[in-house]
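Reader: I am new to this structure and would like a close look at a single part. Please take one strand and describe what lies around it.

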Amino acid sequence: MKTETGNFIQGVDLAFYIIIGISVILLLGLTGAMIYFVYRFNKKRHPKARDIKESKKLEILWITIPTVLVLVMFYFGWAGYAPMRDFPDEAIPIQATGRMWSWNFEYENGKNSSELVVPVNYPVKLDLYSPDVLHSLYIPAFRIKEDVVPGVNNAMWFQADAIGDFDILCAEYCGLQHSNMLTKVRVLSSEDYDKWYNSKEDEDISARPGAAGLKLLQVNGCIGCHSTDGTKLVGPSFKALWGTKQMVTSKGMKREVIVDKQYIITSIYEPNNDIPEGYNPNIMVSYKGKITEKDIDEIITYLKTIDGK
């Protein structure tokens, strides 16, 4: 079993095989016993019912066997689970943020990525954080899953032993776009990982107007609630939004506002101050302290590039 190295596949699979095997044996045994009793004690063979006296041997048997089976399942379950909570000191720390409805991974050098990029054959520790609702980070290929709970410090670790791309899913229903909360684990060689980790993020970003703003929206999960093509999601679409007039509800009163810089700042820092008509309050969280005013300028630049013209 290789669980001590961060490859939990053998331990988890073995526990499932044991549980499924015991379940199949119980199903066949109980079904066989039921058929036997139906035949053995049917009315034609025993027209007069009679009591069956107690059997201490039988009572001991049906207490002992289930107890042993439960202990066996517990042992293999614990043997597969315990190494998952034994975090290596040398593991690479990465903050994994799950929000409606996207993942973001932040590295020690400040690098952000919507995909989890890790080196092969080296342990990685994910510190899990959610600013909104309950999520669950699930990597089926590595047999690891952990809840991402608002206000609760939680973590998970693993070590990939093969280069390639592997799916990441959210395994906890978290709202309308839950099924779209997908991304990848990209496992690279040590050399390729070092190049990626030390590379300047979006080196050619200045050549593409609005690209920095789009990157900020993607990293902070904004695209999960606000489309860029006019589609109505949880929040208003970004397409053709800049400079338009919008009806909003402010402190219970309806008023008309222009989508300018101040409106964007208020929407990001105080999202429940002005609720756009047709949308629900108390869904978006404040990004104060996470998105700077300089970042907002980049976002506005991007919004101007999708003005619908």
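Author: What follows is a description of strand β2 and its partners. The model is predicted, so local features need pLDDT of at least 70, side-chain atom pairs count only at pLDDT 80 or more, and totals for chains, interfaces and linings use all residues. Residues are numbered from 1 along each chain as its sequence is written, and side-chain values use heavy atoms, with hydrogens and water left out.

Strand β2 covers residues 102-106. Strands here are DSSP runs of E with at least two residues, numbered from the N terminus. Most of β2 is covered, with four of its five residues buried; buried means under 20% relative accessible area, computed with a 1.4 Å probe on protein chains only.

One partner of β2 is strand β1, residues 92-99. The two strands are antiparallel and share five bridges; a pair is counted if DSSP finds at least two bridges between the strands. Within this pairing, A96 stands opposite F105 in β2. The connection is a hairpin, with two residues between β1 and β2.

Strand β3, residues 112-113, is also joined to β2, by two bridges, and these strands run antiparallel too. Here E106 stands opposite N112 in β3. The hairpin of β2 and β3 has five residues between the strands, and G110 takes a positive phi near 90° in that hairpin.

In general, strands of a sheet pair through backbone hydrogen bonds, either parallel or antiparallel. For β2, the pairing with β1 is antiparallel, as is the pairing with β3.

How values were computed: Buried means under 20% relative accessible area, exposed over 50%, partly exposed in between (1.4 Å probe, protein chains only).
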